[in-house]
Amino acid sequence: MDFKVVERSPFARIARMVLKSNNVAMVLGKSIHLSGVSREDFIKDEGWLAHELCHIEQFREHGFFRFLWLYLCESMRVGYYNNKYEVEARIAGMKHRKFQNPAKRAAAVVDPTGIPLPGDSKRKA
Ligand SMILES: [Zn+2]
């Protein structure tokens, strides 16, 4: 898949402050913006990577501004956790879990958050 990873992104940094999280990945179009996590560590986390790649696919499918709008509406309607775009990304991320040991699996869970932004945070293992 065609994508870009932006380390130390100011957008992800804002999301990180809002989420009060150590590490955040957020997708804008074809770019995965990171804050508090290196490109290397992020890529190594297959479940997390698969989750964010699913959001890239959603941006591609719906169009940049349209997807932001749909995502926002969906978040306001049902919240982050039940947002259908998050549910889809979570399922994409979990496909990798069967290859992981249980300790790594527990560490790879992307925390649900309350903000209406395509941002995902993860607690430090
Ligand atoms: Zn997500």
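**Exercise 1. Determine which residue of β3 is the bridge partner of Met 26, and establish how β2 and β3 are paired.**

*Solution.* In this predicted model, Met 26 has His 33 as its bridge partner in β3. The two strands β2 and β3 run antiparallel and are joined by five bridges. Next, consider the connection: the hairpin of β2 and β3 has two residues between the strands, and Gly 29 takes a positive phi near 65° there.

**Exercise 2. Derive the strand order of the sheet and identify the strands that stand at its edges.**

*Solution.* Begin with the remaining pairings. β1 (residues 4-6) pairs with β3 in the parallel sense over three bridges, and Val 5 has Ile 32 as its bridge partner in β3. On the β2 side, four bridges join β2 to β4, and these strands run antiparallel; Asn 23 is matched with Lys 122 of β4.

Assembling the pairs gives an open sheet of four strands in the order β1-β3-β2-β4, with mixed pairing. β1 and β4 each have a single partner strand, so they stand at the edges and one side of each lacks a neighbour in the sheet. From one strand to the next, the twist averages 20°.

**Exercise 3. Place the sheet within the whole chain, and state how α1 and α3 lie relative to it.**

*Solution.* The protein chain contains six helices and four strands, arranged from the N terminus as β-α-β-β-α-α-α-α-α-β. Of contacts between residues at least 6 apart in sequence, 64% join residues at least 24 apart.

Two helices may then be set against the strands. α1 lies across β2, β3 and β4 and runs at about 130° to β2. α3 also lies across β2, β3 and β4, but runs at about 25° to β2.

**Exercise 4. Test whether the end-to-end distance of α3 agrees with or departs from its expected span, and describe the surroundings of its buried residues.**

*Solution.* Helix α3 comprises 17 residues (46-62); at 1.5 Å a residue it should span 24 Å, and because its end C-alpha atoms are 24 Å apart, the two values agree. After α3 comes Gly 63, with a positive phi near 95°.

The buried residues of α3 are Gly 47, Trp 48, His 51, Glu 52, Cys 54, His 55, Ile 56 and Phe 59. Their packing partners are β2 (23-28), β3 (31-35), α2 (39-44), α4 (64-82), α5 (84-94) and β4 (119-122).

**Exercise 5. Identify the element that gives the most residues to the largest nonpolar core.**

*Solution.* Buried residues make up 32% of the 125 residues in the chain, and in β3 four of five residues are buried. In soluble globular proteins, nonpolar side chains tend to be buried together.

The largest nonpolar core has 16 residues, of which Ala 12, Ala 15, Val 24, Ala 25, Met 26, Val 27 and Leu 34 touch the most other members. Two or more residues come from each of α1 (10-19), β2, β3, α3 and α4. The largest contribution is that of β2, with five residues.

**Exercise 6. Classify the relative orientation of α4 and α5 and list the residues through which they meet.**

*Solution.* The axes of these helices come within 7 Å and cross at roughly 55°. Angles under 35 degrees count as roughly parallel and those from 65 to 115 as roughly perpendicular; α4 and α5 are therefore oblique to each other. On the α4 side, Tyr 71, Glu 74, Tyr 80, Tyr 81 and Asn 82 take part, meeting Lys 84, Tyr 85, Glu 86 and Val 87 of α5.

Note on methods:
Residues numbered from 1 in each chain as written. Predicted model: local features only at pLDDT ≥ 70, side-chain atom pairs only at ≥ 80, totals over all residues. Buried ≥ 20, exposed ≤ 12 C-beta atoms within 10 Å, placed from the backbone. Contact = placed C-beta atoms within 7 Å. Expected span 1.5 Å × (residues − 1). Pairing = 2+ DSSP bridges. Core = buried A, V, L, I, M, F, W, Y, C linked by C-beta atoms within 7 Å. Axes fitted to C-alpha atoms, helices over the stretch in contact; angles between N-to-C directions. Parallel < 35°, antiparallel > 145°, perpendicular 65-115°, else oblique.
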